[in-house]
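Hi everyone, thanks for coming. Let me bring the model up on the screen, and then we can walk through it together.

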Amino acid sequence: MNSHPRHARVVLLTGPSGSGKSSLAARTGLPVLQLDDFYKEAGDPTLPLLPDGSGTDWDSPQSWHADAAVEAIEALCRTGRTTVPVYSIASSARIGEEALDIGHAPLFIAEGVFAADIVDRCRELDLLEDALCLRGRPAVTFRRRLLRDLHEGRKSVRVLVRRGWRLMRAERGIVARQTALGAHPCGKQEAYARIVTAAAEQAPMAIQPASTATTN
């Protein structure tokens, strides 16, 4: 166990791409660390390939800098501030960096598709408050993900549709894997309730009551 004083604790929020992690995190009103900003850049020789060799497997945890993500979480938990990368999914590249300061918040959310992969490390460092995996209906997730990715211009339509079908077929396995890594599987309402309860236990005024944060 790390002997350094702790400033805050983290809730790791994971789930399949398009499951609603970002909207739920925003709904809580807590500070949020976007773990998807820790993707590796195109051209990195350690990037994994799709089984058919047709391109990079961006849905593999090997496409992500887990060590850097843990370092950022630990810095926020110990000091309340860190510097994080700004990543463009459309260009598969880092386009800058920015300071993240959670102030005096005793709890923050780190959300991303690979959050479950660092559950054990955050627990060993005595940083973890909770780990949650959003689950839902694969068809709904597929539609939400496709509309989001098209709106943001993340990749070509062909790539997004092909990836979407692949992820929809794999969704139950993705949730099972994240659950096996230590994330509690649940719907949005249960996840929100657990986060609200954790925030209230850390500091009763950490976030607004649920009735004021239900418009998203």
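I'll go through the pocket, the cavity, the salt bridges and a charged patch.

A quick word on conventions: this is a predicted model, where local features need pLDDT of at least 70, side-chain atom pairs count only at pLDDT 80 or more, and totals for chains, interfaces and linings use all residues. Residues are numbered from 1 along each chain as its sequence is written, and side-chain values use heavy atoms, with hydrogens and water left out.

How big is the largest pocket? Its volume is about 960 Å³. Of its 39 lining residues, Ile89, Arg148, Asp149, Arg154 and Arg163 are the closest to the centre. Helix H1 (21–28), strand S3 (81–88), H4 and helix H5 (157–180) each give two or more residues to that lining. For the method people: on a 1 Å grid over the protein atoms alone, a pocket is an open set of points with protein on both sides within 12 Å along at least five of seven lines, a cavity is a set where a 1.4 Å probe fits but cannot get out, and lining residues have an atom within 4 Å of a point. Volumes are the space filled by probe spheres set on the points. Helices (H or I, at least four residues) and strands (E, at least two) are DSSP runs, numbered from the N terminus.

Next, the cavity. There is one of 30 Å³ or more, and the largest cavity holds about 40 Å³ of space. Its lining is Phe142, Arg145, Leu146, Asp149, Leu160, Arg163 and Gly164, with H4 giving the largest share, four residues.

Now salt bridges (a side-chain nitrogen of Lys or Arg within 4 Å of a carboxyl oxygen of Asp or Glu): the count is nine. One joins glutamate 74 and arginine 78 at 3.6 Å, N to O. Both sit in helix H2 (residues 66–79), four residues apart, about one turn of the helix.

Last, back to H4 (residues 138–152), where arginine 143 has its place.
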